[in-house]
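Student: Could you walk me through this structure and show me how each label is earned?

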Amino acid sequence: MTTSRREFLRIGVAVSAGLLPLPAFGQAAPRVVIVGGGFAGASCARALRHTDGRIAVTLVEPNATFTACPFSNAVIGGLREISAQQFTYERVAADGITVTRANATAVDASARSVTLGNGARLAYDRLVLAPGIDIRWGALAGYDEAASTQMPHAWKAGEQTLLLRRQLEAMDDGGLVVISAPANPFRCPPGPYERASLIAHYLKTKKPKSKLIVLDAKDAFSKQRLFQSAWAELYPGLLEWVPLSKGGKVISVDPATRTLVTDFGRHQAKVANVIPPQKAGHIAEVAGVADRSGWCPIDPVTFESKLQPGIHVIGDAAIAGAMPKSAFAANSQAKTCAAAVATLLAGATPSSPKLINTCYSLVAPDYGISVAGVYQPTGGQLADVPGAGGVSPAEAPRGARAAEAVLAEAWFRTITSGVFG
Ligand SMILES: Cc1cc2nc3c(=O)[nH]c(=O)nc-3n(C[C@H](O)[C@H](O)[C@H](O)COP(=O)(O)OP(=O)(O)OC[C@H]3O[C@@H](n4cnc5c(N)ncnc54)[C@H](O)[C@@H]3O)c2cc1C
């Protein structure tokens, strides 16, 4: 770190206003490198620049186009095109952020540098890792990367999403579709059940003799009561959920025959969607910020790693206590982390935050349900604020469900325009 940067750090910060005091003319600005241009990383980059335009922010992301997972279940169900999920980094760059199209391959925490795929090194004063998830290949016997070309996971949006959709379109009426849902924790807790709903909607309207089985490694899931009462109303006899206690846990798969094996039997599917166990994006492990669980323990006020000082972890990769792994949570964490990083760079102490999550799920195109929560640091973790948040009412007229479906679309437009627009 240069003398001029230390000088900058000595200056106090107007934390509450989110503004850093101006450094003396000619002093070098602090450098923040952010790895991963998804909901967490791109939001954090923009929030940092908006907090103080003099912080030099570099966003490292290999893809020119980001493909969003929220609403990708509607693409699989034939209700939406993948192009509606895709966003570029033009507006992010227009904020004065250096967008570097590369993969981060290594982190030297003591030298404070990130190595890119082409061998270049980026020096940082603070590093934010926002790499999302990676699949734990091999954690489910038989499910490796090659297997995902036969039994798509579609848990990272893009080609996998389209593959699952094409398989459903190619299936004859009367076929068996099987989804396997993983144990906690995983990206988007309501996601498998929204997917089951929208695949059931597709089958009901296009291939009504077909059947859908959800094999689950859990006995309980997010918004369960709401999903199950909607399924009973909309998809009776078509969609069957098999919990852990009734033999739902898939213990191995055979991609050649699209067979899923549980302790209780075998299911040979025409279309199999395997949502496998997950972990933080690989770079987290490389940087030494992931623990044995595969996820990243963080300080709940600053999102700084508990394992490597100077490195913050946000989004799905982080262990964020009661906060689910969602795009909204990632966005909320990104803004909190940006404020904390700016404050720390100015040598001040970040104040304790409150974070929000809202998550909509579609059970049918005109049937939405939601869950919301508020979180704060409590006992070293992010915990629910008692009495805040909740879920859609159990009993509600269809008009209310239709209104929530409209709100879900508005939610998607708002969050994506905030991050990429
Ligand atoms: C089917 C489905 C439906 C969902 N629906 C919803 C929903 O309705 N609402 C909601 O809130 N959430 C939803 N989610 C969850 C949401 O998609 C994730 O929680 C969110 O994407 C997490 O953001 P992130 O920034 O942590 O990860 P991501 O958005 O995945 O971004 C990670 C980025 O990091 C980049 N990256 C990874 N490694 C490197 C590296 N080494 N170098 C450089 N860049 C790297 C990747 O290319 C990627 O762009 C859904 C998820 C799924 C799968």
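Student: Why is K211 called partly exposed?

Tutor: Happy to help! Buried means under 20% relative accessible area, exposed means over 50%, and partly exposed is in between (1.4 Å probe, protein chains only). K211 has 31% relative accessibility, so K211 counts as partly exposed. Before we go on, please note that this is a predicted model, in which local features need pLDDT of at least 70 and side-chain atom pairs count only at pLDDT 80 or more, while totals for chains, interfaces and linings use all residues. Residues are numbered from 1 along each chain as its sequence is written, and side-chain values use heavy atoms, with hydrogens and water left out.

Student: What makes the contact of K211 with E240 a salt bridge?

Tutor: The term asks for a side-chain nitrogen of Lys or Arg within 4 Å of a carboxyl oxygen of Asp or Glu. In this pair the closest N and O atoms are 3.0 Å apart, so the contact of K211 with E240 fits. The two partners connect distant parts of the chain, 29 residues apart: K211 is in strand β12 (residues 211-216) and E240 in strand β13 (residues 239-242). Strands here are DSSP runs of E with at least two residues, helices are runs of H or I with at least four, and both are numbered from the N terminus. E240 is partly exposed because its relative accessibility is 33%.

Student: Why does R165 count as buried, and what does E169 count as?

Tutor: R165 has 12% relative accessibility, so R165 counts as buried. E169 is at 41%, so the label there is partly exposed. Their side chains meet in a salt bridge, at 3.1 Å from N to O. Both residues lie in helix α5 (residues 159-170), four residues apart, or about one turn of the helix.

Student: How do you know that D366 and R398 form a salt bridge?

Tutor: Their closest N and O atoms are 3.5 Å apart. That value satisfies the 4 Å limit, so the name applies. This pair also links distant parts of the chain, with D366 in the loop between β22 (355-364) and β23 (367-378) and R398 in helix α10 (residues 398-420), 32 residues apart. The structure holds 16 salt bridges, and R80, E409 and R413 are linked in a network of them.

Student: Why are β6 and β8 said to stand at the edges of their sheet?

Tutor: The open sheet has three strands in the order β6-β7-β8, with antiparallel pairing. β6 (104-108) and β8 (121-123) each have a single partner strand, so one side of each is left without a neighbour in the sheet. On average, neighbouring strands are turned by 25° against each other, direction ignored.

Student: How do you know that β6 and β7 pair?

Tutor: Two strands pair if DSSP finds at least two bridges between them. β6 and β7 (residues 113-116) have four bridges, so they pair, in the antiparallel sense. Across this pairing, A106 stands opposite T115 in β7.

Student: What makes the approach of F39 to the ligand a polar contact?

Tutor: With a ligand, a polar contact is a pair of N or O atoms within 3.5 Å. A polar backbone atom of F39 is 3.2 Å from a ligand oxygen, so this pair qualifies. For A130 the corresponding distance is 3.4 Å, and a backbone N or O atom of S326 also lies 3.4 Å from an oxygen of the ligand. The protein covers 92% of the 990 Å² of accessible area that the ligand has on its own (Shrake-Rupley method, 1.4 Å probe).

Key
Axes are lines fitted to C-alpha atoms, for helices over the stretch in contact, and angles run from 0 to 180 degrees between N-to-C directions. A polar contact is a pair of N or O atoms within 3.5 Å; within protein, one must be able to donate a hydrogen and the other to accept it, and residues adjacent in sequence count only if both atoms are side-chain atoms.
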